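Let's take a walk through this structure together. Keep the sequence and the 3D view side by side as you read.

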Amino acid sequence: MSFIDIENIDLIYRNSDGDEIGDGTLALSEASLQMDQGEFIALVGPSGCGKSTLLKVVAGLIRANKGKVVVAGQEVTQPLKIVGMAFQNATLLPWRSTRDNVLLPLEIVEPHRQNFKSDKAKYEAMADELLETVGLTGFGDSAPWELSGGMQQRAQLCRALVHEPDLLLLDEPFGALDAFTREELWDVLQDLYLKRKCTVMLVTHDLREAVYLADTVYVMSARPGKVILTRKIDAPRPRKLDDLYGQDVVELIHDLRHHINVARSEQ
Amino acid sequence: MKFIHGKLFDRLSPWLLTLFLVILWEAYVVILDIPRIELPSAHETFAAIYKYRVGLWVNLQPTLIATLLGFAIAVVFGVAMGVAIGLWRPVYAACYPVMVAFNSIPKVAIVPIMVIWWGPGLVTATLTAFILCFFPIVVNMAVALATIEPELKDVLRALGASQKDIIFKIGIPRSMPYLFAALKIAITLAFVGAVIAETVAGGNGIGNLMLVASSNFNTPLMFAGLIVIATSAIGMYAIFALMEVRFTGWATRDNMSYATAGG
């Protein structure tokens, strides 16, 4: 049985208060996909096709109007308890140090929550270790706004992973970074993924990013979004950035790009 | 013009401007030979402050007490109401029109009503101070909570955080700069409220002292009262400005780049 099972989801887009927006057009229509535990998938597709919405449905932050989502054998009816999320904006809290930002999930998720005060030193050491693995050694005491954009994203990844979630949901986390920083962070993410072996859903606009990081790439149609194409990426890990320039990878990216262009023109 | 851009100038500038205004005032009265019953000169006003220092001090105390009491009540209720309005749309929909209507009533017009209920004195002055400074606290607190970034909420909700967690981990700390901005305005408004009540209702306090001075044509004392009120208000503003820097330094980080710019 798959770890995540999304079955024929229909969703009318709503604002944060749950009121339907506009004329009730569908953001998602008959969207389905299955993921295994420990799988890394990427969702690509035209702008506004409901990729981010699909992430929120999986997290239980929005409920679908039709169809169902099953995660780890349980139907999702409310926000899942153990999910790590990261977004294009780093959304770090400016009044906390970088270390305290990373620790935020532990102040909420059980069992850490009850032990947080008594085991503070242990948790802080944990956060520092995690910051070290993403190359932020010594920045724990810095305020988040003293960090560069790329460093903030590294810190955000730490925050998403500190409570060892089974599921990591990434919504264009590298979208606002320059090309070099982005490639650096792909490797940071790959290393973290290989270490933690959690299940990852990555929404991205960058086809190279999708092909480099994911085991499976899903192409979504224009709004209302559904999955129109699935591509397995069999390359062994850890992957190297140089592999992206191989002929087979270039052809694969070309093919994905073609499908997205067709989907866009059908809009 | 290095001095103009220096830190020292930043610190001295308010004092220099005040000094300049006082000199201008003094020169205006002396050169045009204005009768002191119309407008006393600066030195006559300061002389009056010294001469009536006991009366001013005795009357400043009830005004200060009413101001601080009214302000404290406004902070407690204003923060509570701001949180409710900022977080729950139905409360916002219900309360906002009523509050706007209430806020547009001239507060001077309410004082005579309160005099009938409670007579002149502490209660009336405190409540007028409260009414005047309540609104900015509510509005700022509500805005702070209503504008939490949705992604930030999502991060916490995806961890299973309750509404209470979101309020305490994000809502309250994030609203601090908004709250302190409101408190700085509110404390001066509370002062205005207390003085208005004392002036309209009588009783005691600086406002009443000025009313008495007016009926005696003691213009220097009236101006002395104004200076004392303004000075006290600046003092309280400064206390909250200092607290703001202490508690919400993270929100004013741009000032640092401002200070180094344009050298």
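Start with Val70(A), whose bridge partner in β5(A) is Glu75(A). That pairing belongs to a pair of bridges that tie strand β4 (residues 66-71) of chain A to β5(A), with the two strands running antiparallel. Bear in mind that what you're looking at is a predicted model.

Now zoom out a little. β4 and β5 are part of an open, four-strand sheet in chain A, ordered β2-β1-β4-β5, and the pairing in it is antiparallel. At the edges you'll find β2 (26-35) and β5 (74-75) of chain A; each has a single partner strand, so one side of each has no neighbour in the sheet. Lying across β1 (4-12), β2 and β4 of chain A is helix α1 (residues 51-59) of chain A, which runs at about 120° to β1(A).

Next, look for strand β9 (residues 216-220) of chain A. Why call β9(A) largely enclosed by the rest of the structure? Because four of its five residues are buried. Strand β3 (residues 40-44) of chain A is joined to β9(A) by four bridges, and these two run parallel. Here Leu43(A) sits opposite Tyr218(A) of β9(A). β9(A) is also linked by five bridges to strand β10 (residues 227-232) of chain A, this time antiparallel, with Val217(A) opposite Arg231(A) in β10(A). Follow the chain from β9(A) to β10(A) and you'll go round a hairpin of six residues.

Another spot to visit in chain A is Leu93(A), in the loop between β6 (83-86) and α2 (98-103) of chain A. Is Leu93(A) buried or partly exposed? It has 19 C-beta neighbours inside 10 Å, and being buried takes 20 or more, so Leu93(A) counts as partly exposed. Leaving aside residues up to four places away in sequence, Leu93(A) touches Asn101(A) and Ile170(B). Its C-alpha atom is 9.1 Å from that of Trp145(A), a residue 52 places away along the chain.

The touch with Ile170(B) brings us to where the chains meet. Chain A puts 22 residues into the contact and chain B puts in 19. On chain A's side, 16 of these residues are nonpolar, three are polar and three are charged.

Over in chain B, look at two helices that pack together: α6 (residues 111-118) and α7 (residues 122-146) of chain B meet at an angle of about 145°, with 9 Å between their axes. From α6(B), the contact uses Val111(B), Met114(B), Val115(B) and Trp118(B), while α7(B) brings Val123(B), Thr124(B), Leu127(B) and Thr128(B). Sorted by class, that makes six nonpolar residues, two polar ones and no charged ones. The crossing of α6(B) past α7(B) is right-handed.

Further along is helix α10 (residues 206-215) of chain B, whose buried residues include Ile206(B), Leu209(B) and Met210(B). Among the elements covering the buried residues of α10(B) are α4, α9 (163-201) and α11 (219-247) of chain B. After α10(B) comes Phe217(B), with a positive phi near 55°.

Finally, how confident is the predictor? Chain B has an average pLDDT of 87, and 94% of the residues score at least 70. Within chain B, helix α4 (residues 53-87) has the highest confidence, at 93, and helix α12 (residues 254-260) the lowest, at a mean of 38. The pLDDT is below 50 over residues 255-263 of chain B, a stretch with two contacts in the model beyond near neighbours in sequence. The model scores ipTM 0.78 and pTM 0.77.

Notes: Residues numbered from 1 in each chain as written. Chains lettered and ligands numbered in written order. Predicted model: local features only at pLDDT ≥ 70, side-chain atom pairs only at ≥ 80, totals over all residues. Buried ≥ 20, exposed ≤ 12 C-beta atoms within 10 Å, placed from the backbone. Contact = placed C-beta atoms within 7 Å. pLDDT = per-residue confidence, 0-100. Nonpolar A, V, L, I, M, F, W, Y, C, P; charged D, E, K, R; others polar. Axes fitted to C-alpha atoms, helices over the stretch in contact; angles between N-to-C directions. Left-handed = near helix turned anticlockwise from the far one by under 90°. Pairing = 2+ DSSP bridges.
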